[in-house]
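Student: Could you take me through one helix of this predicted model in some detail, from where it ends back through its course and its packing? I would also like to hear how far the confidence values support such a reading.

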Amino acid sequence: MALLTHLLVCAFGMGSWVAINGLWVELPLLVLELPEGWYLPSYLTVIIQLANVGPLIFTLLHHFRPGCLSEVPIIFAVLGVGTVACTLLAFFWNVTWVQGSPHSITFMVLTFFLALVDCTSSVTFLPFMSQLSAHYLTTYFVGEGLSGLLPALVALAQGSGLTTCVNVTETPNSTSSVTTTRKADIPQHSGAVTPLSTSGGIRAHC
């Protein structure tokens with residue numbers, strides 16, 4: 001019974017930041033598909049910081065109205081929001097909105113809710129753990145550490161962002177030249193190799 005409790009506490013701790021860590025390790029693929037390109041990490045950083053409004057509101061309510069909030073329903077609520085956001089993200093992550101120029105608004109909004117869940121977990125999960133025996137706290141922190149390790153291992157297993165350089169001979173205007181093309185191997189696209197760019201200002205093979 002104690003072993004089962006440790007496993008559940010570990011999984012509980014893993015749920016704290018696993019969603020946002022999963023987004024970070026998939027950035028090599030996301031920047032190829034979303035219109036923001038390599039500006040995307042900057043957008044994600046701002047969005048995640050804005051999501052700290054969740055723990056701020058929770059802390060203010062605890063300070064000005066002590067006892068009005070219980071960690072248990074808040075935990076269920078944030079986990080429910082995280083589950084819905086992850087499910088929607090799986091289907092609509094690459095939906096873009098065009099107003100002058102394309103933007104991945106859907107991805108950013110869902111990322112905000114995921115970050116809201118993870119940031120709020122910092123002020124709700126630990127107080128809940130105080131209801132359990134103190135020796136489960138170490139297991140909780142082990143699970144919290146695994147929330148970064150597990151997505152990284154999955155990304156390594158799927159070859160996220162794997163690139164190869166291939167020499168390509170071109171003959172523009174009857175003049176042969178050898179260029180190096182960088183290609184991204186994306187396993188999700190049936191193992192196809194998608195060219196990204198070429199060095200030396202040569203035209204990209206798309």
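Tutor: Just after helix α8, G159 takes a positive phi of about 70°. The helix that precedes this glycine covers residues 136–158, which makes 23 residues, and from its first C-alpha to its last it reaches 33 Å, close to the 33 Å expected at 1.5 Å a residue. Even with that span, α8 contains a kink of about 35°, and the kink is centred on L146.

Turning to the packing, the buried residues of α8 are Y136, T139, Y140, G143, S147, P151 and A155. An α-helix has 3.6 residues a turn, so residues three or four places apart point the same way. With that spacing in mind, one can follow the buried set along the helix from Y136 through T139, Y140 and G143 to S147, P151 and A155. These buried residues pack against three other helices, namely α1 (2–14), α2 (18–25) and α7 (105–129).

As for confidence, the mean pLDDT of the protein is 77, and 76% of its residues reach 70 or more. Among the elements, helix α4 (residues 40–50) has the highest mean pLDDT, at 90, whereas strand β5 (residues 193–198) has the lowest, at 42. Over residues 188–206 the pLDDT stays under 50, and although the model has 40 contacts beyond four places in sequence for this stretch, I would describe those contacts as part of a prediction.

Key. Residues numbered from 1 in each chain as written. Predicted model: local features only at pLDDT ≥ 70, side-chain atom pairs only at ≥ 80, totals over all residues. Heavy atoms only, no water. pLDDT = per-residue confidence, 0-100. Helix = DSSP H or I, 4+ residues; strand = E, 2+ residues; numbered from the N terminus. Contact = heavy atoms within 4.5 Å. Expected span 1.5 Å × (residues − 1). Bend = angle between axes of the 7 residues up to and from the residue. Buried < 20%, exposed > 50% of the residue type's maximum accessible area, 1.4 Å probe, protein only.
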